[in-house]
Amino acid sequence: MSAEDTVTMFENVKRICHDNRGCKGLEFATNVSDLVIEEVGDGNLNDVIRILSPSFNGRNSAVAKRGPPYIKCLGPEYPLTINRNKVEYDALLKFDSIIPGCVPKPLYRSPDENIYFMEDLKGYELLRRLLIKGINCEEAILKLAQNIAQVHKETHVSKLSQEEKTELTEDFKNEEMVALTKNFVFTAPFVNGEPTNQCADNVRPLLPQIYDAPNVLQASERMRILFLEKKECLVHGDLHTGSVMCTSDGKDPKMMDIEFAFFGPCAFDVGMFLANLIFTFYQHMSTQQDNDTHRQYAYGIVNLGKQFVAVYMKQMTCISGSIENFISEVTGFCGCELIRRTIGVAHVEDFKDSEFGEQEALGAGIRLLQAVDRIETVDKLMVIALMLV
Ligand code: ADP
Ligand code: SR1
Ligand code: MG
Ligand code: MG
Ligand code: MG
């Protein structure tokens, strides 16, 4: 965020707090002259700040989020709807009603400024960062599996009346954000030479395995169509390990960053999350120092990935028909996420110091798309992705 953007956002936040003083959610900010800010945003799309009111006795801080009218990591020549702020606030309200306490509490939204306020997850850290550090996150990951299954189950087509389905589909059509995923997850990475793609030198020799391989390109296209057309339940839409915050000892997961929420296929959330655990696996496998500890942690992550899917599926068994083709769909979405995060525009922090890990993860993505029709269990998914014997 530029210094100018930070000042403008803080001025807007102060005005909202002043004009709406006493409103539920904004009580902590009644004394506007008292407020101070810290910048906390580190994502690809939005500006996020923490507002503190040091003299307030109760909750003395909140986090405010707003989206510039373009894709932040690409710049103003890539326009993006500011309505994502409303969709995210509505999705937070919805998730909070289904899994209370498992998302940051939504506090207030100002439609004029397109800024919303939520609970400050003080002391919480991104799950991705804890995994990079090698912290045991079993409790958070298995709880997350239950939480996302709960959201999928409660909003599943088979549980909704026609009216409820129409309402949820309309409320979370989220066309612009769905189009962003269509473009940057399912399309651009699969187009050789697309200008937003970024690729490390050691990864480049693998590219012909994508661009010269009709089966891989066809599989990605099928996943794109499934993503756009399968209307199953309300999905998070961007469920990677940087969209979850937990306590520093890997507990109490809070799902956040829900601006991509839409009515779509449940396997999309599961596949994306699994791919991000595979990034953790390769990051630790490619760490040179203290190799045994890191390898042990990496294999623990594979097991956790399998348990994540098992816990999720157990919760979903009451949804008839939902499990048909489920693992094959998870495989395809997982493969696309592995590929787009290694050769597309948005890479992951896990490989900041490891191009070797990035190359391995890309190989895993290619193998999954090659085998998508032959994978019916998560065990097989892991064996093929990670070339386990
Ligand atoms: P983006 O859509 O740009 O990725 P996020 O919603 O992920 O934005 O927020 C960016 C970062 O801000 C997160 O990665 C996290 O570090 C921090 N953050 C977001 N929401 C909160 C919160 N409620 N409490 C504390 N930190 C938060
Ligand atoms: C331009 S793509 C940016 C990516 O960042 C977001 O968090 C989503 O994952 C999106 O695909
Ligand atoms: Mg984010
Ligand atoms: Mg986001
Ligand atoms: Mg990079």
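User: In this predicted model, which atom of ligand 1 lies 2.9 Å from a backbone N or O atom of L121?

Analyst: Happy to help! A polar contact is a pair of N or O atoms within 3.5 Å. Here the partner of the L121 backbone atom is a nitrogen atom of ligand 1, at 2.9 Å. Side chains take part too: a polar atom of D42 lies 2.6 Å from an oxygen atom of ligand 1, and one of E259 is 2.8 Å from an oxygen atom of this ligand.

User: How much of ligand 1 does the protein bury?

Analyst: Taken alone, ligand 1 exposes 540 Å², and 94% of that is buried by the protein. The space that ligand 1 takes is the largest pocket.

User: What surrounds ligand 1, and which strands help?

Analyst: A residue counts as near if one of its heavy atoms lies within 4 Å. There are 20 such residues around ligand 1, with D42, N46, K65, E119 and E259 the closest. By class, the shell has 10 nonpolar, 3 polar and 7 charged residues. Strands β2 (47–52), β3 (61–66) and β5 (115–119) each give at least two of the shell residues. Domain 1 (3–119) and domain 2 (124–386) each contribute at least three.

User: Now for ligand 2: which side chains lie 2.7 Å and 2.8 Å from its oxygen atoms?

Analyst: D238 has a polar side-chain atom 2.7 Å from an oxygen atom of ligand 2, while a side-chain N or O atom of R340 is 2.8 Å from an oxygen atom of the ligand. For R341, the distance is 3.2 Å. The protein covers 96% of the 320 Å² of accessible area that ligand 2 has on its own. Helices α6 (175–187) and α11 (326–343) each supply at least two shell residues.

Notes
Residues numbered from 1 in each chain as written. Chains lettered and ligands numbered in written order. Predicted model: local features only at pLDDT ≥ 70, side-chain atom pairs only at ≥ 80, totals over all residues. Heavy atoms only, no water. Polar contact = N/O pair within 3.5 Å; in protein donor to acceptor, adjacent residues only side chain to side chain. Areas by Shrake-Rupley, 256 points an atom, 1.4 Å probe, with all protein chains shown as cover. 1 Å grid on protein atoms, 1.4 Å probe; cavity = no way out; pocket = protein on both sides within 12 Å on 5 of 7 lines; lining within 4 Å. Sits in = over half its atoms within 2 Å of the grid points. Helix = DSSP H or I, 4+ residues; strand = E, 2+ residues; numbered from the N terminus. Nonpolar A, V, L, I, M, F, W, Y, C, P; charged D, E, K, R; others polar. Domains from an automatic or database assignment.
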